[in-house]
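Let's take a walk through this one together, one piece at a time. Have the sequence and the 3D view open as you read.

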Amino acid sequence: MKLTIKAVNFDMAEKLEKYIDKKTKRYEKLLGESGELEVRMDVIKRETALNKETKVRILGLGQDLFASEVCDTFEQGLDQSLDAISRQLERLKEKK
């Protein structure tokens, strides 16, 4: 699995990068070598609450899966986005 992490409008701390790596490990087996997981984190407006947008995209399952959340922290946004991706994966399995 190829993991791509993009930080827009801020410098990512190593702690956040490790958190992303830890949370996305479970998708390695599912995606295999050819799959790709993209995580994009963006600070929308610095002076407001709920200003951190997290987008997660999975490629390589025959159908692209995408989730986006806006939260107070990137960790919370990543957790909610991955929950949404998990629900999409379950619906995809039910169809097959």
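**Salt bridges and what lies beneath**

There are 6 salt bridges to be counted here. Bear in mind that the model is predicted.

Let's begin with R57, which takes part in two of the pairs we'll look at. One partner is E38, and in that salt bridge the closest N and O atoms are 3.9 Å apart. This pair links distant parts of the chain, since R57 belongs to strand 3 and E38 to strand 2, with their positions 19 residues apart in the sequence. R57 also forms a salt bridge with D64, where the closest N and O atoms are 3.4 Å apart. How buried or exposed are these residues? R57 is partly exposed, with a relative accessible area of 32%. E38 has a relative accessibility of 21% and counts as partly exposed; the cut-off for buried is under 20%, so 21% doesn't qualify. D64 is partly exposed as well, at 47%.

Now move to another charged spot. The side chains of D21 and K25 meet in a salt bridge, at 3.9 Å from N to O. D21 is partly exposed, with a relative accessible area of 32%, and K25 is also partly exposed, at 43%. There's a third member to add: D21, K25 and E28 are linked in a network of salt bridges.

Next, have a look at helix 1, which covers residues 14–24. Which of its residues are buried? They are L16, I20 and T24. If you look down the axis of helix 1, these buried residues fall within an arc of 60°, so they line one face of the helix. Turn to the face pointing away from that buried side and you'll find the exposed residues E14, K15, K18 and K22. And what covers the buried residues? The cover includes strand 1, helix 2 (27–31), strand 2 (36–43) and helix 3.

Just before helix 1 comes a loop, running from strand 1 (2–8) to the helix, and F10 lies in it. This is where the aromatic side chains come in, and the count is 1 aromatic pair. The partners are F10 and F74: their ring centres are 4.6 Å apart and their planes sit at 20°, so the pair is stacked. F74 is in helix 3 (residues 74–95), so the pair ties together parts that are 64 residues apart in sequence. Both F10 and F74 are buried.

The loop that holds F10 also holds N9. What's unusual to look for there is the backbone: N9 has a positive phi of about 70° although it is not a glycine. As for its surroundings, N9 is partly exposed, with 47% relative accessibility.

Let's go back to strand 3 (52–59), this time for two of its buried residues. V56 is found in this strand, and V56 is buried, with a relative accessible area of 0%. Who are its contacts, once neighbours within four places in sequence are left aside? V56 touches L37, E38, V39, L65, F66, A67, L78, S81, L82 and I85. E38 in that list is the residue you met earlier as a salt-bridge partner of R57. As for F74 of the aromatic pair, V56 is 18 residues away from it in sequence and 12 Å away in space, C-alpha to C-alpha.

L59 is the other strand 3 residue to visit. L59 has a relative accessible area of 16% and is buried, because anything under 20% counts that way. Leaving aside neighbours within four places in sequence, L59 is in contact with L31, G35, E36, E38 and D64. Among these, L31 is 28 residues from L59 in sequence, while the two are 8.4 Å apart in space, C-alpha to C-alpha. E38 and D64 should ring a bell too, as each forms a salt bridge with R57.

Finally, come out to the surface. Which residues form a nonpolar patch there? I44, L50 and V70 do, and together they have about 260 Å² of accessible area. You can find L50 in the loop between strand 2 and strand 3.

Methods
Residues are numbered from 1 along each chain as its sequence is written. This is a predicted model: local features need pLDDT of at least 70, side-chain atom pairs count only at pLDDT 80 or more; totals for chains, interfaces and linings use all residues. Side-chain values use heavy atoms; hydrogens and water are left out. Rings of Phe, Tyr and Trp (its six-membered ring) pair if their centres lie within 6.5 Å; planes under 30 degrees apart count as stacked, over 60 as edge-to-face and the rest as tilted. Helices (H or I, at least four residues) and strands (E, at least two) are DSSP runs, numbered from the N terminus. Buried means under 20% relative accessible area, exposed over 50%, partly exposed in between (1.4 Å probe, protein chains only). The arc is that of the directions from the helix axis to the C-beta atoms. Contact means heavy atoms within 4.5 Å. Patches are made of residues with over 30% relative accessible area and no salt bridge: like charges are joined within 9 Å, nonpolar side chains (Val, Leu, Ile, Met, Phe, Trp, Tyr) within 5 Å. Accessible areas come from the Shrake-Rupley method with a 1.4 Å probe; for residues, only the protein chains shown count as cover. A salt bridge is a side-chain nitrogen of Lys or Arg within 4 Å of a carboxyl oxygen of Asp or Glu.
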